[in-house]
Amino acid sequence: LSHRIKNIFAVIVGLLSLASRKRPELRPAMSELMARVAALGRAHNFARPHSDLSAPAVPQGGLKGLLEKLLAPYQSKVGERITVICDDIAIDDRGATPIALVVHELATNSAKYGALSVEAGTVAIEARLRNGEVWLTWREIGGPRIAEPPTQTGFGSELASLSIERQLGGVLEKEWHEDGLVVTMRVLHAHMHRETAVNLAED
């Protein structure tokens with residue numbers, strides 16, 4: 001089943017690529033969409049159930065492992081531009097795909113306009129488990145100075161809000177500081193991991 005799902009992701013990317021070749025004016029939008037689909041594919045492969053044969057040789061490490069996998073393309077070695085401090089937080093496909101979309105949007109925007117767009121810029125991510133709730137903070141440091149918050153909301157921002165607030169029933173807040181963007185997300189752990197939800201229901 002997982003192999004079939006991976007093939008579906010590949011087919012979708014292939015269709016988008018074909019459409020962009022036939023319609024050059026659509027290439028920028030198609031490239032962004034293909035990147036989002038690729039992020040979903042990485043999240044699925046990370047969080048999917050494994051058999052003894054398919055399990056990775058190195059444990060993937062819950063939420064921290066997912067964040068590091070999604071952000072690996074933005075740094076040549078772990079911790080160089082982006083640091084991840086994370087409690088031991090279990091996650092499955094229930095939470096991995098929405099989180100992947102949000103992190104992908106944040107990283108892409110940072111690479112275009114924020115801290116990751118300049119050599120000295122960095123991003124610090126911290127995820128803590130507090131009373132059954134996951135608090136995840138994305139903090140950009142050393143990027144271009146922000147004179148004032150953006151007046152318009154792009155599709156990526158709407159997608160991030162949809163992923164956290166609608167899919168996971170959480171809260172997403174943005175603060176535009178002069179030295180960089182700070183995003184805080186709060187989500188019940190039970191909404192990110194089925195086994196946690198089952199255990200809570202049994203208790």
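Hi everyone. Let me open with a convention: an angle between helix axes that is under 35 degrees counts as roughly parallel, over 145 as roughly antiparallel, 65 to 115 as roughly perpendicular, and the rest as oblique. Please keep in mind that what you see above is a predicted model.

With that convention in hand, take helix H3, residues 62-71, and helix H4, residues 93-112. Their axes are 10 Å apart, and the packing angle is about 40°. H3 and H4 are therefore oblique to each other. As for handedness, H3 passes H4 in a right-handed crossing. Who makes the contact? On the H3 side we have Leu63, Leu66, Leu67, Leu70 and Leu71, and from H4 come Ala96, Ile99, Ala100, Val103 and Ala107. By class, that contact of H3 with H4 has 10 nonpolar residues, no polar ones and no charged ones.

Here is a bit of helix geometry to go with that list. An α-helix has 3.6 residues a turn, so residues three or four places apart point the same way.

Staying with H3 for a moment, how many of its residues are buried? Seven of the 10, which leaves H3 mostly covered. The buried residues are Gly62, Leu63, Gly65, Leu66, Leu67, Leu70 and Leu71. Leu63, Leu66, Leu67, Leu70 and Leu71 will sound familiar, as they also make the contact with H4.

Now on to the other partner of H4, helix H5, residues 155-167. The axes of H4 and H5 come within 9 Å and cross at roughly 155°. That angle makes H4 roughly antiparallel to H5. This crossing is left-handed. H4 contributes Pro98, Ile99, Leu101, Val102 and Glu105 to the contact, while H5 brings Gly156, Leu159, Ala160, Ser163, Ile164 and Gln167. Sorted by class, the residues of the contact of H4 with H5 are seven nonpolar, three polar and one charged. If you like following single residues, try Ile99 of H4: it is listed in the contact with H3 and again in the contact with H5.

Let's zoom out to the whole chain. There are six helices and five strands, and along the sequence they run α-α-α-β-α-β-β-α-β-β-α. The chain has 203 residues, and 39% of them count as buried. Among contacts with a separation of 6 or more, 65% are between residues 24 or more positions apart. The exposed surface comes to about 11700 Å², with carbon and sulfur atoms supplying 54% of it.

To finish, a few individual residues worth clicking on. Which strand holds Thr184? That would be E5, residues 180-188. Thr184 is buried, at a relative accessible area of 13%. Setting aside neighbours within four places in sequence, its contacts are Trp135, Leu136, Thr137, Val171, Leu172 and Glu173. For Val171, the C-alpha atom is 8.0 Å from that of Thr184, and the two are 13 residues apart in sequence.

Next, Asn131, which sits in the loop between strand E2 (122-130) and strand E3 (133-141). Its phi is near 50°, a positive value in a residue other than glycine. Is Asn131 buried or exposed? Exposed, with a relative accessible area of 86%.

Last one: Ser31, in helix H2, residues 27-47. Ser31 counts as partly exposed, at 43% relative accessibility. Its C-alpha atom is 8.0 Å from that of Ser17, and 14 residues separate the two along the chain.

Thanks for listening!

Technical notes: Residues are numbered from 1 along each chain as its sequence is written. This is a predicted model: local features need pLDDT of at least 70, side-chain atom pairs count only at pLDDT 80 or more; totals for chains, interfaces and linings use all residues. Side-chain values use heavy atoms; hydrogens and water are left out. Axes are lines fitted to C-alpha atoms, for helices over the stretch in contact, and angles run from 0 to 180 degrees between N-to-C directions. Helices (H or I, at least four residues) and strands (E, at least two) are DSSP runs, numbered from the N terminus. A crossing is left-handed if the near helix is turned anticlockwise from the far one by less than a right angle, and right-handed if clockwise. Contact means heavy atoms within 4.5 Å. Ala, Val, Leu, Ile, Met, Phe, Trp, Tyr, Cys and Pro count as nonpolar, Asp, Glu, Lys and Arg as charged, and the others, Gly among them, as polar. Buried means under 20% relative accessible area, exposed over 50%, partly exposed in between (1.4 Å probe, protein chains only). Accessible areas come from the Shrake-Rupley method with a 1.4 Å probe; for residues, only the protein chains shown count as cover.
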